Amino acid sequence: MANQIKLSTTLRLDFETGLNEKGEIVFKRKSFTNIKTDALVDQLSATAKAIASVQNYPMGEVNRVDTNAIIG
């Protein structure tokens, strides 16, 4: 049976920076690595809100990206 081991977690924030020529929203992405792999969703949400509060653009989307190794 295969197992997985969580290797790393990245917190990825998308900020709405304006509109393009077609009127579509343009995003700027900021990624934060070295996040604890056992961080809770509430902790990540609070962190994202704190980071967004000091940015020039409104926050669009928050993503947690986990990288896992599959063994076996």
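This report covers the fold, the core and the surface of one protein chain.

## Basis

The model is predicted: local features need pLDDT of at least 70, side-chain atom pairs count only at pLDDT 80 or more, and totals for chains, interfaces and linings use all residues. Residues are numbered from 1 along each chain as its sequence is written, and side-chain values use heavy atoms, with hydrogens and water left out.

## Overall fold

The protein chain has one helix and three strands. Their order along the sequence is β-β-α-β. Both element types are DSSP runs, numbered from the N terminus: helices are H or I with at least four residues, strands are E with at least two.

The C-alpha atoms fill a box of roughly 50 × 25 × 15 Å along the principal axes. The radius of gyration is 15 Å, whereas a compact globule of 72 residues would have one near 11 Å. That radius is taken over C-alpha atoms, and the globule rule is 2.2 Å times the number of residues to the power 0.38.

Contact means heavy atoms within 4.5 Å. Among contacts in the protein chain with a separation of 6 or more, 65% join residues 24 or more positions apart.

## Core

Of the 72 residues, 18% count as buried. Buried means under 20% relative accessible area, exposed over 50%, and partly exposed in between (1.4 Å probe, protein chains only).

The largest nonpolar core has nine residues: Leu11, Leu13, Phe15, Ile35, Ala39, Leu44, Ala48, Ile51 and Ala52. Strand β1 and helix α1 (41–52) each supply at least two of them. The largest share, four residues, comes from α1. Such a core is a set of buried Ala, Val, Leu, Ile, Met, Phe, Trp, Tyr and Cys residues joined through side-chain atoms within 4.5 Å.

Beyond its neighbours within four places in sequence, Leu44 touches Leu11, Ile35, Ala39 and Arg64.

## Two residues of β1

Leu7 sits in strand β1 (residues 3–19). Its relative accessible area is 55%, so Leu7 is exposed. Thr10 lies in β1 too. Thr10 is buried because its relative accessible area is 18%. Neighbours within four places aside, Thr10 contacts Ser31, Phe32, Thr33, Ile35, Asn63, Arg64 and Val65.

## Surface

The protein chain exposes about 5,500 Å², and carbon and sulfur atoms supply 51% of that area. Areas come from the Shrake-Rupley method with a 1.4 Å probe; for residues, only the protein chains shown count as cover.

Leu7 joins Ile5 and Ile71 in a nonpolar surface patch, with about 280 Å² of accessible area together. Patch residues have over 30% relative accessible area and no salt bridge; nonpolar side chains (Val, Leu, Ile, Met, Phe, Trp, Tyr) are joined within 5 Å, like charges within 9 Å. A salt bridge is a side-chain nitrogen of Lys or Arg within 4 Å of a carboxyl oxygen of Asp or Glu.
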